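This report looks at charged pairs, a pocket and a surface patch in one protein chain. Please keep the sequence and the structure in view while reading.

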Amino acid sequence: MPQHYDPSSTAPQDAFERERLENVHPPGWRNPQPTERYSLVVIGGGTAGLVAAHSAAALGAKVALIERELLGGDCLNVGCIPSKAIIRTARLYAGMRNAEQYGAQIPADIRVDFAAVMERMRGIRARIGRADSAQRLTAAGVDVYFGQARFTGNDSLSVDGTKIRFKKAMIATGSRPDTPSIPGLAEAGFLTNENVFDLTELPRSLLVIGGGPLGCELAQAFCRFGAQTIIAQDWPMFLPREERDAAQILSDSFARDGIEVRLNTRAVNVRIEGGQKHVELVSEDHKSTVAVDAILTGTGRLPNVEGLDLEAAGVDCDETTGVLVNDFLQTSNPRIYAAGDACLKHKFTHTADASARIVVQNALFFGRRRLSALTIPWCTYTDPAIAHVGLYVRQARERDIPVKTFTIPMHDVDRAIADNEEAGFVKIHVKDRTDRILGATIVARHAGDMINEITLAMVAGIGLRTLAHVIHAYPTQAEAIKKAADAYNRTRLTKTIQSMLRRWLQR
Ligand SMILES: Cc1cc2nc3c(=O)[nH]c(=O)nc-3n(C[C@H](O)[C@H](O)[C@H](O)COP(=O)(O)OP(=O)(O)OC[C@H]3O[C@@H](n4cnc5c(N)ncnc54)[C@H](O)[C@@H]3O)c2cc1C
């Protein structure tokens, strides 16, 4: 039977959206006839699923991939790509408003064309979606099924009534927003990442509930488009897992943008009054009510494990953390593996990709690659962005590892000064008395790009001492990393060495 996808989407069904669907869920798609037994069946066609299916097929395995909605998953359709596309435009508007700082003159009444911003985003999404297409998968030899997968036994599953048998399977069903249970919220209506990118009109006012990466990135973007934005976070700081000084710089930046910051604050009730959503907020010592046009929630993620009939396959799972896997990403059923958001603590596209590669090796080639061996960086793409890799100081202390930290403020970096991008720092932690890098946090406009150098150093076992010998193009913001390495090298100049040098030079 041809598979039709009903996106139930309120996004304009324009040429970009038609192109995206043509690629990621072609209308009228007919599922193939299953072969007797696949070498690998992949459930979920997001990043993890696509990477596994393409790599396994390229190695010669007979592969099936099952997707119930849209290939490309969250990242392409409702995550990284649409968010980064609109964040770029938001940054441009913020830059225009600050034009005078750069000695430029811009008319005072800058008009934001939000519909055009979202159209640009849809164009980018459609273009990037070509790489995730069903046609590309079939051309690579992958059998693509659209429909909901359910296990029917240890080595079998069904897709809308069609039985499929496998030697190995990978669960890559991703995650979904964890909606807060606030009385009145559902009745009042709210946005999540699943529908916010369908908007064509900018809400005049917006309450963002949740100060994690999603809430912070989108609050700043919507504020910069001109929505009167409030962000409520029930912790004393944003991005709770990041270092305090990093989160503080973000709070300051939000305040400069004009976002109303409510920390230590919980939303406890929502009601509709006069066409607006009235949200009761409770802080430590007082209650207040804000009236907004729209509410966006970003309060965490839940793994998509429901409806898979995991019990039928003997796969253990936890509703909040997802499919339970060992370090080889194998589930309690040795034939079945998992990757990506469905099982990982670090829910990122690059971890979905890396974990899928581990599964292909371990499932098909008796590999023994371990998840714990990965060095995983991440970045929140606010302005400035906040990126991290490796250990935080508190984690090193918990493990009794002595730490020494080298910090370079961005206001000491020529390029950051020239760019008016002085808020932030590069902070690199090494094991005390060695140059072994334990971790780093970077707060800077280009933190996401800069952290890759530190990740490379950590993976390749390159110490901070060697980074001091790496010539960095001048002027770049990444020179902050070299400056941190130079600072480390200066600590090697002990008093004895200094006086020996002095004696030598004064001969
Ligand atoms: C707003 C937002 C911004 C983000 N930005 C970034 C970023 O900048 N950088 C970054 O690294 N990460 C980012 N992420 C996270 C990133 O999108 C996810 O970590 C990544 O998409 C996970 O990939 P995945 O393959 O595990 O799952 P998904 O992409 O969720 O794919 C899972 C797929 O499985 C399908 N599926 C589920 N159940 C079944 C079933 N029973 N049968 C068949 N198919 C099924 C789903 O339809 C889905 O297509 C962002 C996320 C959000 C929400």
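In this predicted model, D486 has a relative accessible area of 26% and therefore counts as partly exposed, since that class lies between the 20% and 50% limits. Its partner in a salt bridge is K482, with 3.5 Å from N to O, and K482 is likewise partly exposed because its relative accessible area is 22%. Both residues belong to helix α16, which spans residues 479–491, and the 4 residues that separate them along the chain amount to about one turn of the helix. Elsewhere, salt bridges with shared partners connect R224, D257, D383, E421 and R445 into one network.

Side chains of opposite charge can pair when their charged atoms come close. The structure holds 24 salt bridges, and the table sets out three of them, including the pair just described.

| Acidic residue | Basic residue | N to O distance |
|---|---|---|
| D486 | K482 | 3.5 Å |
| D419 | R415 | 3.1 Å |
| E280 | K287 | 3.7 Å |

How the partners are covered can be read from their accessibility. D419 is buried because its relative accessible area of 19% falls under the 20% limit, whereas R415, at 32%, is partly exposed. In the pair of E280 and K287, E280 is partly exposed at 23% relative accessibility, while K287 reaches 60% and so counts as exposed, the limit for that class being over 50%.

The second largest pocket encloses about 660 Å³ of space. Its lining consists of 23 residues, and those that lie nearest the centre are N98, R224, D383, N420 and R445. The elements that contribute two or more residues to this lining are α4 (80–97), α8 (213–225) and α9 (244–257), and α4 supplies the largest share, with 6 residues. Sorted by class, the lining of this pocket comprises 11 charged, 7 nonpolar and 5 polar residues. R224, D383 and R445, which are among the residues nearest the pocket centre, are also among the members of the salt-bridge network.

On the surface, L493, I497, L501, W504 and L505 make a nonpolar patch of about 510 Å². I497, one of these residues, is found in helix α17, residues 495–505, and with 36% relative accessibility I497 counts as partly exposed.

Is G439, in strand β25 (residues 437–444), buried or exposed? At 0% relative accessibility, G439 counts as buried. Between the C-alpha atoms of G439 and H472, which are 33 residues apart along the chain, the separation is 20 Å.

Conventions
Residues are numbered from 1 along each chain as its sequence is written. This is a predicted model: local features need pLDDT of at least 70, side-chain atom pairs count only at pLDDT 80 or more; totals for chains, interfaces and linings use all residues. Side-chain values use heavy atoms; hydrogens and water are left out. On a 1 Å grid over the protein atoms alone, a cavity is a set of points where a 1.4 Å probe fits but cannot get out, and a pocket is an open set with protein on both sides within 12 Å along at least five of seven lines; lining residues have an atom within 4 Å of a point. Grid points are joined across faces, edges and corners, and a volume is the space filled by probe spheres set on the points. Ala, Val, Leu, Ile, Met, Phe, Trp, Tyr, Cys and Pro count as nonpolar, Asp, Glu, Lys and Arg as charged, and the others, Gly among them, as polar. Patches are made of residues with over 30% relative accessible area and no salt bridge: like charges are joined within 9 Å, nonpolar side chains (Val, Leu, Ile, Met, Phe, Trp, Tyr) within 5 Å. Accessible areas come from the Shrake-Rupley method with a 1.4 Å probe; for residues, only the protein chains shown count as cover. A salt bridge is a side-chain nitrogen of Lys or Arg within 4 Å of a carboxyl oxygen of Asp or Glu. Buried means under 20% relative accessible area, exposed over 50%, partly exposed in between (1.4 Å probe, protein chains only).
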